[in-house]
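Me: I am a first-year student, and I would like a close look at a single part of this protein. Could you take me through it slowly, and then show me what lies around it?

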Amino acid sequence: SAASWFIKMTNDEADLNSGLLLEQGAHCYVRMDPPSLRKYAFHLVLAGHRYSKAGQRKHALRCYNNAWDIFKGKGWTLAGNHIGFTIGRHSYNVRDIEGAYNAYQSLLTREENTVHVQCSQILFQKGIQDFVSVVQIYLQNEAPG
């Protein structure tokens with residue numbers, strides 16, 4: 001299939017090219033009859049990772065956001081937390097403070113996270129500093145002035 005071809009063409013040296021090929025492969029999965037949504041989302045996460053390695057944060061953020069639309073509400077808590085945190089981190093890095101705030105806040109308030117400790121551990125392990133900075137900047141921007 002076309003999806004398999006795109007994915008086989010990826011390599012370890014060319015992160016930008018591999019991100020593009022993985023993203024195109026993902027779109028093949030979503031256009032199948034019936035759509036293969038988990039494969040679509042999984043390959044978008046892989047593409048986002050490769051875009052990130054290539055320094056293409058906006059492309060990475062787009063892929064993670066599209067994958068998030070598939071993962072949220074499915075009960076895949078760990079995958080959802082990883083994607084949510086990555087969206088928050090990339091949003092922060094591209095100076096989208098509101099997007100970062102919303103992503104981090106959703107991690108703390110997701111119904112799927114019945115025990116918020118799990119989410120808190122992820123935030124502490126991967127960069128609570130980003131979250132605190134985002135909240136501070138967001139609150140400063142929201143303050144009447």
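Is tyrosine 104 buried or exposed, and what is its relative accessible area?

Reply: Happy to help! Please keep in mind that this is a predicted model. Tyrosine 104 is buried, because its relative accessible area is 0% and buried means under 20%.

Let's start with its partner. In this model the count comes to 2 aromatic pairs. A pair of aromatic rings is described by the distance of the centres and the angle of the planes. In one of the pairs, tryptophan 5 and phenylalanine 6 sit 5.3 Å apart, centre to centre, with 70° between their planes, which is an edge-to-face arrangement. Tyrosine 104 belongs to the other story: its ring centre lies 5.7 Å from that of phenylalanine 85, and the planes make an angle of 55°, so this pair is tilted. Phenylalanine 85 is in helix α5 while tyrosine 104 is in helix α6 (residues 97–109), so the pair ties together parts that are 19 residues apart in sequence. Phenylalanine 85 is buried too, with a relative accessible area of 0%.

Now widen the view to the two helices that carry these rings. Two packed helices are described by the angle between their axes and the distance between the axes. For α5 and α6, the axes are 7 Å apart and the angle is about 160°. This makes the two helices roughly antiparallel, because angles over 145 degrees count that way. Their crossing is left-handed. On the α5 side, the residues that meet α6 are Gly80, Asn81, Gly84, Phe85, Ile87, Gly88, Arg89, Ser91 and Tyr92. On the α6 side they are Ile97, Gly99, Ala100, Ala103, Tyr104 and Leu107. So you can find both rings of the tilted pair in this contact. Sorted by class, the contact of α5 with α6 has 8 nonpolar, 6 polar and 1 charged residues.

Between α5 and α6 there is a loop, and arginine 95 is found in it. Its phi is near 65°, a positive value in a residue other than glycine. Most residues other than glycine have a negative phi, and most peptide bonds are trans. Arginine 95 counts as exposed, because its relative accessibility is 66%.

Next, turn to the other neighbour of α5. Helix α4 (residues 57–71) and helix α5 (residues 77–93) have axes that come within 9 Å and cross at roughly 150°. That makes α4 roughly antiparallel to α5. Here, too, the crossing is left-handed. From α4, the residues in this contact are Arg57, Ala60, Leu61, Tyr64, Asn65, Ala67, Trp68 and Phe71. They meet Ala79, Gly80, Ile83, Gly84, Thr86, Ile87, His90, Ser91 and Asn93 of α5. By class, that gives 9 nonpolar, 7 polar and 1 charged residues.

Glycine 80 is a nice residue to pick out in α5. Glycine 80 meets α4, and it also meets α6. Glycine 80 counts as buried, because its relative accessibility is 0%. Its C-alpha atom is 9.8 Å from that of aspartate 69, a residue 11 positions away along the chain.

To place all this in the whole protein, step back. The protein has 7 helices and 0 strands, and 39% of its 145 residues count as buried. Among contacts with a separation of 6 or more, 53% are between residues 24 or more positions apart.

Two residues from other helices give you something to compare with. Arginine 50 lies in helix α3 (residues 37–53), and arginine 50 counts as buried because its relative accessibility is 11%. Leaving aside neighbours within four places in sequence, arginine 50 is in contact with Asn11, Asp12, Ala14, Asp15, Ser18, Gly19 and Leu22. Isoleucine 7, in helix α1 (residues 2–8), counts as partly exposed, because its relative accessibility is 21%. With its neighbours within four places set aside, isoleucine 7 is in contact with Leu22, Tyr29 and His43.

One last detail sits in the loop between α2 (15–30) and α3, where you find proline 34. A cis peptide bond, with omega about 0°, joins aspartate 33 to proline 34.

Notes. Residues are numbered from 1 along each chain as its sequence is written. This is a predicted model: local features need pLDDT of at least 70, side-chain atom pairs count only at pLDDT 80 or more; totals for chains, interfaces and linings use all residues. Side-chain values use heavy atoms; hydrogens and water are left out. Axes are lines fitted to C-alpha atoms, for helices over the stretch in contact, and angles run from 0 to 180 degrees between N-to-C directions. Helices (H or I, at least four residues) and strands (E, at least two) are DSSP runs, numbered from the N terminus. Angles under 35 degrees count as roughly parallel, over 145 as roughly antiparallel, 65 to 115 as roughly perpendicular and the rest as oblique. A crossing is left-handed if the near helix is turned anticlockwise from the far one by less than a right angle, and right-handed if clockwise. Contact means heavy atoms within 4.5 Å. Ala, Val, Leu, Ile, Met, Phe, Trp, Tyr, Cys and Pro count as nonpolar, Asp, Glu, Lys and Arg as charged, and the others, Gly among them, as polar. Rings of Phe, Tyr and Trp (its six-membered ring) pair if their centres lie within 6.5 Å; planes under 30 degrees apart count as stacked, over 60 as edge-to-face and the rest as tilted. Buried means under 20% relative accessible area, exposed over 50%, partly exposed in between (1.4 Å probe, protein chains only).
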